Amino acid sequence: MMDVRCTVNGRKAVLRGEEWERLRDVLYRSGYTSVRDSDDREGFAGSDTIIFSGTPRYSNLILLYQAEGAEIITPEGLLDGRKTNDVQDAMVAAGVVQSAYNAPEAALLLTWLLDRKPHPAKEDIKEALSGIFIRDAGYEHYYLAVKLAEEKREYGRYITAVSPSFRDELSVVGKPMPKIDGKALVSGEKLFVEDRVEPNSDILYVLRSPFAHAYVRSVDVSKALEVEGVVDIITAFNCPDVYYMQAGQGNPEPSPYDRKLLNRKVRHVGDRVAAIVAKDRETAEKAAALIDVVYDPIEPVFTVEEAMAEGAPLVHNGIVEYVSGAPEDLDEYNKSADKDEDKVIYQFPLHGDIRHNIAAGAHGGIGDIEKGFEEADAVVDSTYQTSQPQCTPLEPHVCYGRIEGGRLVLNCSTQVPYHVRRIVARICQIPENKVHVIKERVGGGYGSKQDILVEDLLGYAVWRTGHSIYYRNTRAEEFYANSTRHPMRIRVKMGGRKDGTITAIYMDVRANTGPYGNHCLTVPMNASSKTLPIFRVDNMYYDLLTYYTNIPPTGAYQGYGAPKGYFAIISAMGELAMKLGIDPLEMARKNIVEEGYMLEILRGLGEGREGAVVPVGSCGLREALDKGAKMIEWGKREESKDPEWKIGKGFAMIQQGSGLPGLDHSNAQVKLLTDGTLLVLSGGADLGTGLDTLSAKMAAEVLKVPMENISVVSGDTDSCMFDTGAYASSGTYFSGNASLNAAKDLKQKIIHEASLQLGKREDELIIEYPGVVKAKDGTTLTFASLSHTATSGEGRGQLIGTGSFTTPNFAVPYGAHFAEVAVNTVTGEIKVLKFYALQDAGTPINPELALCQMYGAVMKSIGHTLYEDLVLDKSGRCVTTTFTDYCVPMIQEAPEDFKSVLIDVNDQYGPFGAKSISEIACNGAAPAIAMAIADAVGVWIRTWPITPEKILKALGRF
Amino acid sequence: MIILHPESLEAAVEMKRQFPQSSYLSGGTALLSLLSGKDKDSCFIDISKILSAEIRKEGDGVRIGGAAKLADIARSEILPEFIRKSAGFQSSLQLREQATIGGNVALARFDSYMIPSLFASDAVLSLISADGTRDLQVDEYVLSGDKDSIIESVYIRSLSDGEAKRFARASHAHAALTAAHSGKRYAYGISGSGFAFGDKDSYSTVDFSTDLTGSGDYKRYLASVSFKEVR
């Protein structure tokens, strides 16, 4: 051990540890908990950034001894007591503090920059942020944050508007306002799961399969159990005989229960084989090396083509059961089941056929497809292939659990606390009242934390051993044992007339769900259910089959199937327009839906059941197309000064959903505290997107209370009421509406109580700012006084408003994305010069957060379009297990001219007219960029990612 | 992990002779990246404090100390623009402030930021080892596979203009090809394949192989079009 003497945040400090320890680990252990780790010492993501003797450095790449005499500044050093500095405040104001796992580090970098260059140019800001990976909010508003900080320093206030405001008649809704937890997040407060881990907790370590497909004949843990410090080892042979699935979806789920905690067959490289509970990782690794596993390898399949081939090895081949809707020939079907395999249980039919590797299937449509093609003057028939992008949340999957008062308590980074409770209770075979899930701040979800990927095993391990246990995925495990997008092969056949009318659309979707079937129906369905309804076409049909294979697991990821569907369908539309010699934008304008149009296609697009036909509601699509076309000067050919470069333009019209009408369910409460302030208890899960702030705004708007008088607790299954969770873009529409209803309920109760206290009729009373009941005769009663009386010895009881929200109605967001791209015809290099994202979010409750959500989502989809690639070797092993190998976009990849625009359209169903904003923003980049490349150089690239090599090959360069 | 702290370069190379499996630690961005669990088996000889980081004019050229950071090289106004640009190929500010020219050259990775442009500028490496000191041209050093010597300094003999290029899918991704030329000196670093030093067509001797950065055919093509014809 050594003592290193240095200065930390201006104070002399002694850091104790081993000479070779990473400075980051020592700093975190010494209480500087804002210094985090997102990349397991790769030196990439920047969550471990400090200022080290005047220069920004990754503390993971500094050994402790090297800090002798150094002057170190961590994000804690930006604070004055608890007061944030002006850069941190500016970041909150600009809306970039969202999931915020490395927002403190970004603040540190920008503060460092401004200390050196009080008026930095854009290139200076780019350089300062060149080594930090921002996945949530994009980079665009960081330039704004710097500008705001400069303005504050020079003028004492912000001058530049952070976003437009909406709805003049409302006081907080539609207005940019600092997120209620923004300061806490950007300060680096202890808000994440890793900050809850008590000293001397055990760790969980997972031994994983080296084979993509194999029976596990035996697992001998006897020697491993003898290692001092090993508490327990769980295998397929001693884990609960409980079938479940890992998707956080409403019960009964449209995903097969095709696994147990650990299985007697491994189905991907990295699949669980044994779970070791030990005092530390070193002990667990030692034990893992002593576990003797006997595998019986089977030939794997990795693509849908391999999975559907005649005689293909079967990924699942056990007995099939149905909770309801079993086909009549089930017994016959099961005669060929493999006795060595576990069951596959469907809650209801998903039209799977596991004996042919089919996990789920669907089809549906309207009109007469063949007639539609016959009427066409031109038909395109193209096949598109998407890849397997990974969410790359900066905070990997983590969970901490302990036993408290005979109950299992889990601190989770999750989008679905109530589904976690239900599924963990099921696995542990205990009732839900024995499980308490606390959703901590989520350092990046993006869909992958809708799946219950670590809480299941961790929860059971805690329940079984009685120990406090912490689990954290390594970054490599995030890639090969987490969840990704479903790779999809999508064939689109589209026919059209010379006047631009589309006469028929056919989609054949073949999806690859990997080893397990979480989301096997619903994600691939979205490829059609979120695309076809945007078209006013009488003849549309889709077929869908989802295949099991042995690739790393897939699951939910922002966009949820729609990004792939849009890539295919808009590219096909572009190809058709090119074939007909007409402008694709004119073709779009001619064939898009408008408000009031009856969406007959929805009948065939329900998730495992018949869908409801509804008219198009609020729709800003045409305005988005028109405005975007004007912004990008659609129709004007841009020329580069360098003849090697060709410039092209493309667009995509897009839609998504706002939650799942008929399936989602949200609840909330608003409590009036004894001093008249409010506590909102929301079942919703704020992933950093601002849902808590939204809930607070609901209460503030209805009850006319200052925002600082409202606190929000959310996602705690003990204190908050049930909510299906934050997925399918449900936050604003469902959880927000529940909070709104709870606020309205409290308002009624306040009026009622005030009428009794004041001796007035209820219709004589109104509520005014700041939280005062006022009678017609001018008498007033503050909320504080009212509540004090209500909770006194003779009071009628604390006032609590309760609200829930379910609906059959859809609040569909629409939009259009435009891209201008330059392609180097000699090297194939691609530059996104301009990207304009225009979307209608109804009334954006938090407009600056909404804009940043759009920037972040577009960057993710630029990522999967041009850069990101999860690659497997021939044995199915993932070889891209680092950020560098996987190739995520950084600030240098952001479009030079990047704008997000909110189209003002009020929705009739959303809370104060709001709709969802962020999933839809994942849908446009791939098709817009593909179209722009085709416009530039005349070639259509139909596979992800679109690389320079593919372009050169298409151009015949080699 | 064992860390040795020599007080001179001579002592450092002697330690290397005694512990041949050890590695010199200068900036450490490559050596310390992603090491986990294996930390305890590593042995490092820390030369960061005994190696010069100076960048200064010397005769008709510029001498760069082996410990000079890529960030300092990128900022140095006495170096040719294309060499500064090469240092900037390390696109992360934090890594540029830590990585050294000596480390980047010594690793001799095929996607090295600096090796092609150093060759193009006719750079000479001053080396010290247990056998003494010697000067070697960049290509000779790379092709020798020498891991025992310390790169004490790099002398840029030619300050003429040149070009440096890096072909990678994204700023932080591995490069398929890094190339540079100045006058008639060309160098290519091809991912997964090797280096080529010499004239414009010297890349044709490389056996181009396929990896994450692209196919062999793609990389060969890129090498062939990296630079316009010199008239």
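These legends go with close-up views of a predicted model.

**View 1. Here's an open sheet of chain B, built from 5 strands.** Read across the sheet and the strand order is 4-5-8-6-7, with antiparallel pairing. Strand 4 (55-58) and strand 7 (132-137) of chain B sit at the edges, so to speak: each pairs on one side only. On average, neighbouring strands of this sheet are turned by 25 degrees against each other, ignoring direction. In general, strands of a sheet pair through backbone hydrogen bonds, either parallel or antiparallel.

**View 2. Now zoom in on strands 5 and 8 of chain B, which run antiparallel.** Strand 5 covers residues 61-65 and strand 8 covers residues 150-156, with 4 bridges joining them. Want one to look for? B:V62 has B:I156, in strand 8, as its bridge partner.

**View 3. This is where chain A meets chain B, with 49 residues from chain A and 37 residues from chain B in the contact.** About 3,800 Å² is buried between the two chains, and carbon and sulfur atoms give 58% of that. Look out for A:W20, A:L61 and A:E949: they supply 15% of the area that chain A buries against chain B, more than any other three residues.

**View 4. Here are the polar links between chain A and chain B, including 2 salt bridges.** In one salt bridge, B:K228 pairs up with A:E644, and their closest N and O atoms are 3.1 Å apart. There are also 21 residue pairs in polar contact between the chains. On the side of chain A that touches chain B, strand 4 of chain A gives the largest share, 4 residues. By class, that side has 21 nonpolar, 13 polar and 15 charged residues.

Methods:
Residues numbered from 1 in each chain as written. Chains lettered and ligands numbered in written order. Predicted model: local features only at pLDDT ≥ 70, side-chain atom pairs only at ≥ 80, totals over all residues. Heavy atoms only, no water. Pairing = 2+ DSSP bridges. Helix = DSSP H or I, 4+ residues; strand = E, 2+ residues; numbered from the N terminus. Axes fitted to C-alpha atoms, helices over the stretch in contact; angles between N-to-C directions. Contact = heavy atoms within 4.5 Å. Buried area = accessible area lost by both parts, 1.4 Å probe. Salt bridge = Lys/Arg side-chain N within 4 Å of Asp/Glu carboxyl O. Polar contact = N/O pair within 3.5 Å; in protein donor to acceptor, adjacent residues only side chain to side chain. Nonpolar A, V, L, I, M, F, W, Y, C, P; charged D, E, K, R; others polar.
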